[in-house]
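Me: Could you go through this structure with me, slowly and in plain language?

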Amino acid sequence: MKWLHILICLFLNCIYISLAKSDIYIIEGYSNSKVTGHTELPNNTNYKTMSYEGMWKDSLGQIGLFNAFGKVENLYGKPNLEMIGVFTNESGDTMWNLYKRISTDVEVGGGGISTFIAGTGRYKLLIGHECSFVARYVENRNFTVQRCDIPKEVLEKMAAYKNE
């Protein structure tokens, strides 16, 4: 029984340390969307290419512009999304994110996983990190929120980063 108590304490301590070492990083984006290509098959499935252009802000106080493009397909009865976003802040630092939908809940706009695949300046520190995102749509306008668990030391370096 004593060993079980020790194991439970160690497990809870590991969870606490893990939570204490990460923090939440949020990016909110507002954009206009445009269908740039579309085809519908005889069985009512379809394939669209999309582009987005808008503005963003993050939880570190950075703001900037972004462009995104990719595909939305409904070929086998379930919507599938894959997009790439290019975000540039007002200092000229850029991050590239890959978005993939893992939810088919189209009524709330859908959600999924985004991955930082490249970056310049402060955003080099995010390469390889994943976030969850949700997107909501009104007509051809889009609101997206990304929520990322990023190690505190990475966020501290990003906040302290100075462009040369």
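Reply: Let me start with one term, since hairpins will come up: two strands are said to pair if DSSP finds at least two bridges between them, and strands themselves are DSSP runs of at least two residues, numbered from the N terminus. Please also keep in mind that this is a predicted model.

Me: Okay, so what does the secondary structure come to?

Reply: The protein has two helices and eight strands, and from the N terminus on the order is α-β-β-β-β-β-β-β-β-α.

Me: Which strands does E1 pair with?

Reply: E1, residues 22–40, pairs in the antiparallel sense with E2, residues 46–58, over 13 bridges, and it also pairs with E8 in the antiparallel sense, over eleven bridges. To find these pairings in the view, you can look for threonine 39, whose bridge partner in E2 is tyrosine 47, and for isoleucine 24, whose bridge partner in E8 is aspartate 149.

Me: And how many bridges join E2 to E3?

Reply: Twelve bridges join E2 to E3, and the two strands run antiparallel; one pair of bridge partners there is tyrosine 52 and alanine 68 in E3. E2 and E3 form a hairpin with four residues between them, and glycine 61 in that turn has a positive phi of about 90°.

Me: Which residue takes a positive phi in the hairpin of E1 and E2?

Reply: In that hairpin, which has five residues between the strands, asparagine 44 takes a positive phi near 70°, and it does so although it is not a glycine. Asparagine 44 sits in the loop between E1 and E2.

Me: Is asparagine 44 buried or exposed?

Reply: Asparagine 44 counts as exposed because its relative accessible area is 56%, and the cut-off for exposed is over 50%.

Me: What about the hairpin of E7 and E8, how many residues are between the strands?

Reply: There are two residues between E7 and E8, and glutamate 139 there takes a positive phi near 55°, again in a residue other than glycine. Glutamate 139 is exposed, with a relative accessible area of 75%. The two strands pair in the antiparallel sense over eight bridges, and cysteine 131 stands opposite cysteine 148 in E8.

Me: Can we stay on E8 for a moment: which residues are on its covered face?

Reply: The covered face of E8 holds Asn142, Thr144, Gln146, Cys148 and Ile150, whereas the uncovered face holds Arg141, Phe143, Val145, Arg147, Asp149 and Pro151. The numbers skip by two because, in a regular strand, the side chains alternate between the two faces of the sheet.

Me: New topic: how many cavities of 30 Å³ or more does a search of the whole structure find?

Reply: The search finds one cavity of that kind, and about 210 Å³ of space lies in the largest cavity. Rolling a probe the size of a water molecule over the atoms shows where empty space is left.

Me: Which residues lie nearest the centre of the largest cavity?

Reply: Its lining has 18 residues, and those nearest the centre are Tyr52, Ala68, Tyr99, Asn142 and Thr144. You have met some of these already, since Tyr52 and Ala68 are bridge partners across E2 and E3, while Asn142 and Thr144 belong to the covered face of E8. By class, the lining has eleven nonpolar, five polar and two charged residues.

Me: Which strand gives the most to that lining?

Reply: E1 gives the most, with four residues, and the strands that each supply at least two residues include E3, E4, E5, E7 and E8.

Me: Last one: where is leucine 126, and is it buried or exposed?

Reply: Leucine 126 is found in the loop between E6, residues 111–119, and E7. Leucine 126 counts as buried because its relative accessible area is 0%, and buried means under 20%.

Me: What does leucine 126 touch?

Reply: Not counting residues up to four places away in sequence, leucine 126 touches Tyr25, Met95, Phe116, Ile150, Val154 and Met158. Of these, Ile150 is on the covered face of E8. Leucine 126 and proline 151 are 25 residues apart in sequence and 9.8 Å apart in space, C-alpha to C-alpha.

Me: And for the protein as a whole, how much counts as buried?

Reply: Of the 164 residues, 32% count as buried. The accessible surface comes to about 10400 Å², of which 59% belongs to carbon and sulfur atoms.

Definitions and conventions. Residues numbered from 1 in each chain as written. Predicted model: local features only at pLDDT ≥ 70, side-chain atom pairs only at ≥ 80, totals over all residues. Heavy atoms only, no water. Buried < 20%, exposed > 50% of the residue type's maximum accessible area, 1.4 Å probe, protein only. Areas by Shrake-Rupley, 256 points an atom, 1.4 Å probe, with all protein chains shown as cover. 1 Å grid on protein atoms, 1.4 Å probe; cavity = no way out; pocket = protein on both sides within 12 Å on 5 of 7 lines; lining within 4 Å. Points joined across faces, edges and corners; volume = space filled by probe spheres on them. Nonpolar A, V, L, I, M, F, W, Y, C, P; charged D, E, K, R; others polar. Contact = heavy atoms within 4.5 Å.
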